[in-house]
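Trainee: I have the sequence and the model open. Can we go through some local features together?

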Amino acid sequence: MNKTLLLATLAGIALMPATHAGAVEGGAVVKTYGDIAEAAYADSLAAARNLSAAVDALAAKPTDETLAAARQAWIAARRPYQQTEVYRFGNAIVDDWEGKVNAWPLDEGLIDYVDAGYGADNPENPFYTANVIANPKLSVGGREIDATEITPELLAGELQEAGEIEANVATGYHAVEFLLWGQDLNGTGKGAGTRPATDFDTANCTGGNCERRVAYLKAATELLISDLTEMADAWKEGGGARAELAGKGEAGGLATILTGMGSLSYGELAGERIKLGLMLHDPEEEHDCFSDNTHMSHLDDVNGIRNVWFGAYEGFGGGSAKGAALKDLVAEKDQALADEVTAKLDATLAAFEAMRARAETVEAYDQMIGEGNEEGNAVVQAAVDALVDQTRSIERVVATLGLDQIAFEGSDSLDNPNAVFQ
C-alpha cells in the first residue's frame, strides 16, 4: 500500500477542558469512540459466527441453496466489519492486525484452481499458482511446506504473505470470498464469480479436491472468528486497544479519532480503493472483486466515519452504542465548522448511496470503473470528490481543537497521479 503521507501540520490553541454547563468533554468523546469500536467488533464477531454456521451447512449439504446462504452470510458479515475500518489509522494495534482479516488484492492461484487466463507463473511471486488445495506438499522458492492437513495454523503461519509477498493472502474475508464465489472472469462486463456448489461436494466433486476445499473454507472461517475475537476483546473495558487509547490522554485520543477519519477518507478510500482503480479502469482493483459487493463495502466505510463524528453506532443483530459526539465538541468551539463537516459527510453519504443505487439497478462497481463508461465513471468520481472535500474540513477540525502534527494517509492516485502509470 502506498504510504505517502498528506501532512496536516496544524497548530492552534491548547485544548482546554470545557467548564460551562452541558459542555461536551473531550474525554467523553474518546470514551464514546471506544464504545463504538467495542460494539462494532462484537457485531463483526457475531456475524462471522453466523458465516461459520452457513459454511458448515454448505459442507454438510452442498446445494445451490446452501451456497447462496453462505454467500449471503458473507455479505452480511462485511457490513459491521467495514464500519470498523475508521479505527485502523491512528490505532497501531488495529493497523498491525488488519492484514490478517482484510488484506487485498490477493493472488488467488495460491489457494485454488484458476482459469488458464490467469497465467502459469509470476516472476514476482513464486507462490502465484501454488494451489494449496490441490497440493498437500509444496515446494516453492526453496521452501518445503507440508499442507497435508489444512488448518488455521497452516494458513496463518505458513501461507499468509508467504515469501513476504503481500499478494499471498491466505486468510481473512477475501480468501473466504474467493472460495465461495470463485474467480470473476467477466472483467468489466456483467457478472460476479460463479463457483458451483459441487466444488464442495465430495460425492459429486467438480474442480477436484473437494474435501480439501471444504477443509480450507472451514479453516479460514475458523481463523476469521479467532482473529475477530482477539480484536473484540481488545476493545472491551480493560482490553489492549482501550489501554493504548487511554495512554494517549485526551488530546492524543482526539488526534487518533481524526487521524482515522482523515486517513480513511483521503488516502485509503478515496485514493487506494477507488481513484486508483478508476484511473486504471482495472476490475482487479475492486475491493470485493469476486462477489461484486464493493459498493456496499465502500458505503460502510463511509458509515463508519459518520459513526465516529455523530457518536453513535446502530449495529447489526442488536449491537449499538451512543455517547458524547465529536460533532458536539467541535460545535462548542465553532458551530459553523461543525455544520460544515456534517453537511460534507451528508454529501458524501449521498454520493455513495447513488453508487449503491446504480450497483443495485444498473451495473456493478467493476462495470462503473470500466474504460469508456462515462456515466459510471462520473458516479465513482463524484464519490472520490466528496471524500476529498470532507477531508479538507476534517483538517480544519484538527486546527480548531488545537491538535498538531497529524498525518493523514495519502495516495499517489491523488497526490502524484503520473506516478501511477510509471
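Trainee: Along strand S2, which side chains point to one face and are buried?

Mentor: This is a predicted model. Strand S2 spans residues 137–140, and its side chains alternate. Lys-137 and Ser-139 point to one face and are not buried. The other face carries the buried pair, Leu-138 and Val-140.

Trainee: Which residue in S3 is the bridge partner of Val-140?

Mentor: S2 and strand S3 (residues 143–146) run antiparallel, joined by four bridges. Val-140 has its bridge partner in S3. That partner is Arg-143.

Trainee: In the hairpin of S2 and S3, which residue takes a positive phi?

Mentor: Two residues sit between the strands of this hairpin. One residue in the hairpin has a phi near 55 degrees. It is Gly-141.

Trainee: Is Arg-78 buried or exposed?

Mentor: Arg-78 belongs to helix H2 (residues 64–82). Its relative accessible area is 1%. Buried means under 20%. Arg-78 is therefore buried.

Trainee: With which side chain does Arg-78 make a polar contact of 2.9 Å?

Mentor: Beyond its neighbours within four places in sequence, Arg-78 is in contact with several residues, including Tyr-173, His-174, Asp-288 and Asn-102. The polar contact of 2.9 Å is between side chains. The partner of Arg-78 there is Asn-102.

Trainee: Which helices do the buried residues of H10 pack against?

Mentor: Helix H10 covers residues 326–333. Its buried residues are Leu-326, Leu-329, Val-330 and Ala-331. These buried residues pack against helices H1, H8, H9, H11 and H13.

Note on methods. Residues numbered from 1 in each chain as written. Predicted model: local features only at pLDDT ≥ 70, side-chain atom pairs only at ≥ 80, totals over all residues. Heavy atoms only, no water. Buried < 20%, exposed > 50% of the residue type's maximum accessible area, 1.4 Å probe, protein only. Contact = heavy atoms within 4.5 Å. Polar contact = N/O pair within 3.5 Å; in protein donor to acceptor, adjacent residues only side chain to side chain. Pairing = 2+ DSSP bridges.
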